Amino acid sequence: AFDGGVIERVVAILNPAAVGTCLHIVVEVTMERDDKRLYRRFEQRLVDAPEVTQCYSVTGECDFVLILAVADMDAYDRFCDEVLYADGNMRKFRTLVSRYRVKFDTSSPLPPA
């Protein structure tokens with residue numbers, strides 16, 4: 001059916017506890033140098049990392065906000081070593097571990113017809 005390009009993709013949302021990912025982690029990342037080439041390289045590293053479910057390039061106190069889904073803290077430590085610490089332009093990051101999810105909604109509001 002023709003949707004006018006509004007529908008980007010159709011997905012199934014899995015229950016994280018049923019598939020083994022039980023920790024949701026928010027990570028604020030601050031880069032060392034404001035260099036577009038270095039940012040693009042880091043962005044690709046994030047796109048390639050299966051733990052990263054969402055990635056936002058932001059303004060303000062940090063440069064990126066990541067949403068991760070991992071099985072446990074060992075998996076998060078591996079992510080830190082392989083993705084964050086592996087990038088020479090990453091200056092620091094701050095980890096916020098979710099105790100529980102109050103709201104999770106993937107819908108987008110549509111403008112009035």
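Start your tour by selecting cysteine 55 and leucine 66: the latter is the bridge partner of cysteine 55 in β3. Strands here are DSSP runs of E of at least two residues, and helices are runs of H or I of at least four, numbered from the N terminus. Two strands count as paired if DSSP finds at least two bridges between them.

Before moving on, a word on what is loaded: this is a predicted model, in which local features need pLDDT of at least 70 and side-chain atom pairs count only at pLDDT 80 or more, while totals for chains, interfaces and linings use all residues. Residues are numbered from 1 along each chain as its sequence is written, and side-chain values use heavy atoms, with hydrogens and water left out.

**Stop 1: the whole chain**

Zoom out to the C-alpha trace, which spans about 45 × 35 × 25 Å along its principal axes. You should find 3 helices and 4 strands, arranged along the sequence as α-β-α-β-β-α-β. Of the contacts with a separation of 6 or more, 67% link residues 24 or more positions apart; contact means heavy atoms within 4.5 Å. Colour by burial next: 27% of the 113 residues are buried. Buried means under 20% relative accessible area, exposed means over 50%, and partly exposed lies in between, using a 1.4 Å probe and protein chains only.

**Stop 2: the sheet**

Now show the strands alone. They form an open, antiparallel sheet of 4 strands in the order β2-β3-β1-β4. At its edges are β2 (52-57) and β4 (90-97), each pairing on one side only. From one strand to the next, the twist averages 20 degrees; such angles run from 0 to 180 degrees between N-to-C directions, with axes fitted to C-alpha atoms, for helices over the stretch in contact.

Return to β3 and look at both of its neighbours. On one side, β2 and β3 pair antiparallel over 5 bridges, and glutamine 54 has isoleucine 67 as its bridge partner in β3. These two strands make a hairpin with 6 residues between them, and glycine 60 in the turn has a positive phi of about 115 degrees. On the other side, β1 (residues 23-31) is joined to β3 (residues 64-70) by 7 bridges; here valine 27 is matched with leucine 66. How many residues of β3 are buried? The count is 6 of the 7, so β3 is largely enclosed by the rest of the structure.

While β1 is on screen, pick threonine 30, which lies in that strand. Threonine 30 counts as buried because its relative accessibility is 8%. Beyond its neighbours within four places in sequence, threonine 30 contacts Glu61, Cys62, Asp63, Met90, Arg91 and Lys92.

**Stop 3: two helices**

Bring in helix α2, which lies across β1, β2 and β3 and runs at about 20 degrees to β3. Then add α3: the axes of α2 (residues 36-48) and α3 (residues 73-84) come within 10 Å and cross at roughly 145 degrees. Which residues make the contact? Select Phe42, Arg45 and Leu46 on α2, with Phe79, Glu82, Val83 and Leu84 on α3. By type, these are 5 nonpolar, no polar and 2 charged, where Ala, Val, Leu, Ile, Met, Phe, Trp, Tyr, Cys and Pro count as nonpolar, Asp, Glu, Lys and Arg as charged, and the others, Gly among them, as polar.

Aspartate 48 also lies in α2. Is aspartate 48 buried or exposed? Its relative accessibility is 55%, so aspartate 48 counts as exposed. Draw a distance from its C-alpha to that of valine 83: the separation is 9.6 Å, although the two are 35 residues apart along the chain.

**Stop 4: the core**

Finish inside. The largest nonpolar core has 21 residues, and those with the most contacts inside it are Val29, Leu66, Phe79 and Leu84. Such a core is a set of buried Ala, Val, Leu, Ile, Met, Phe, Trp, Tyr and Cys residues joined through side-chain atoms within 4.5 Å. At least two residues come from each of β1, α2, β3 and α3, and α3 gives the most, with 6. Centre the view on leucine 84 as your last selection: not counting residues up to four places away in sequence, leucine 84 touches Val27, Val29, Phe42, Leu66, Phe79, Met90 and Phe93.
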